[in-house]
Each structure stands twice: as C-alpha cells, then as structure tokens.
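New to this one? Here is a short round of questions and answers to help you find your way around.

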Amino acid sequence: MSTIDLNSDLGEGYGDYRCGDDAAMLSIVTSANVACGMHAGDPQIMARTFELARERGVAVGAHPGFPDLWGFGRRVLPYTPAEIERIVAYQIGAAQALAAYAGHRLTYVKTHGALANHAAAHEEFATAIARAVKAVDPGLSLLAIALTAQVRAGEALGLDIHQEIFADRGYTEEGQLIPRGRPGALIEDAQEAADRVLAMVQEGAIIAASGKRLPTPIRSICVHGDSPNAIATARAVRTRLEAAGLTLAPFRPTA
C-alpha cells in the first residue's frame, strides 16, 4: 500500500470548554472524526471544526457516541440495538447538516469510545450502527475498527468499509483494544507509536502487546485528539510514514 489515511477524533469540546488542539491536529491529519453533540461537541464547535477542516483540505466524518456528556462517551449505557440505530442516525444527520452549513461534505462515519468498542464485540450493535449509516446515506463509508464485528456488519449490508488501527493504543492477542486503565492500554511515547504503526502498515497486521501478528487490511490510522501527547504522536506518525515512502491522503469511497 502506497497511500494511507491519518485520522483523529476532533470537535470534542463543549461550550467554552476545549478538548485538545484541533487547529494543530488539522494541519497534520488527512481525516477528522467530528463529535456530533452527544458524547461531546455542540453546533458551534461542529460548524467551526468542519469549516477549518474544509480550509485545510481535510476529509470529515461523523463521530457518533453514546449520549453521555458526563462520561465523554466512555461508559456503556443500557440502550437496545434499535435505540442505538436511531441515536446514531440522529447524530449522522446533525453532522451532515453542519458540514453542509460549513461548506464541506461528510464522507464517512466512525463511532466513538464505548459505543465503538461495544459494537466491535457485539454483532447486534454493529449491525444497528451499519443500518443507521445505510438508512441515512448509503454513500457514506464506515471507518471501522479492524478485525471486529463492525467490519462484518458493514460488509453484510453492502457499505463501503475502511479498516483502521490505533497509533496510541495497545492490542490484546484477539486484536481488541486493551481496556483503558490496564497495563499497555496507552502508547504514550510518540516515537514508539510511530515505529509500531509503520511496522503494522508494512506487515499488514495488528501487532498485539505480546508480539502476536493478526493480518488485516489497514486503510487508516487513528491518533486520539484528546491525549496529552496527541500532536507529537500525530506528527511522529506522519513523519515516519512519509519517510518510508507512503503518501498521506484521505481514503475515498471505493464504490
């Protein structure tokens, strides 16, 4: 693969509160996953983020999560799959509207936090998310955690799927993210993260904390925008990939 996407979760402030340095990150990444107002974000932040992404030539996607501002979308809430389907559809619609308002165009959907991890492991929730994407706009791609139920559900419904890995998170031997708070969950050294990402991209495999390789297509790399080392990590990843001869560019729908 000669071209790879670099994405980050942005627009995750609320009101006067700011989370991360979105302006700096938008000078590095090629795609921005914009919070849709339920785990973070609001109409003002969303519009500004979409506008700045448009000015920087950065692709944008909806980043729906659990309705959980207090928990930043990192708690699993007891919604049914049918409720999740409508909650996700609602957030995609909000993102589409504000992207259009800012003169930009939404091209994909990537779920956030606990919702993404829950859907990665549970087929019924992955299917609910895929159904919401297809119902709102079947032309949207689904940016899915590699080797998970999200990929299978999206493919089953005929969505355009792009699999991602995480630069700043550790993996279990099953290819799942190590839960936050456990040893190895966070990769905090920027150069370590960059070297690890390049190895995964070159090998076409997730590299677990144990060293186990799990082969998978890799189309995008995520750096979380809210971590203290986010900007340094994103810069290191981009520099390392480009030095290896890879071109950084947003993924495009394959249909």
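Q: Is L214 buried or exposed in this predicted model?
A: The model is a predicted one. Anything under 20% relative accessible area counts as buried. L214 comes in at 13%, so it lands on the side called buried.

Q: Which strand holds L214?
A: Look along the chain for residues 213-215, since L214 has its place there. That stretch is strand β8.

Q: Which residues does L214 touch, leaving aside its neighbours within four places in sequence?
A: Contact here means heavy atoms within 4.5 Å. With those neighbours set aside, the partners of L214 are L147, T172, E173, E174, G175, A205, I206 and A208.

Q: How many Å apart in space are L214 and G175, C-alpha to C-alpha?
A: G175 is one of the contacts of L214. Along the sequence, 39 residues separate the two. In space, their C-alpha atoms are apart by 6.8 Å.

Q: How many helices and strands does the protein chain have?
A: Strand β8, where L214 sits, is one element to spot. For the protein chain, the secondary structure adds up to 8 helices and 10 strands.

Q: What is the radius of gyration of the protein chain?
A: For 255 residues, the globule rule gives 18 Å. The chain's own value is close to that, so it is as compact as a globular protein of that length. Its radius of gyration is 16 Å.

Q: What share of the residues of the protein chain counts as buried?
A: The same cut-off of under 20% relative accessible area applies here. Out of 255 residues, the buried share is 56%.

Q: What share of the contacts with a separation of 6 or more comes from residues 24 or more positions apart?
A: Take the contacts in the protein chain with a separation of 6 or more. Among these, residues 24 or more positions apart account for 73%.

Q: How are the rings of F66 and Y79 arranged: stacked, tilted or edge-to-face?
A: The model has 2 aromatic pairs. F66 and Y79 form one, with ring centres 6.4 Å apart and 20° between the planes. Planes under 30 degrees apart fall in one class, so this pair is called stacked.

Q: Where in the chain are F66 and Y79?
A: The two residues are 13 residues apart. Both F66 and Y79 are in the loop between β3 (59-63) and α3 (81-101).

Q: Which relative accessibility does Y79 have?
A: F66 is buried, with a relative accessible area of 1%. Y79 counts as partly exposed, and its value is 29%.

How values were computed:
Residues numbered from 1 in each chain as written. Predicted model: local features only at pLDDT ≥ 70, side-chain atom pairs only at ≥ 80, totals over all residues. Heavy atoms only, no water. Phe/Tyr/Trp six-rings, centres within 6.5 Å; stacked < 30°, edge-to-face > 60°. Helix = DSSP H or I, 4+ residues; strand = E, 2+ residues; numbered from the N terminus. Buried < 20%, exposed > 50% of the residue type's maximum accessible area, 1.4 Å probe, protein only. Rg over C-alpha atoms; globule rule 2.2 N^0.38 Å.
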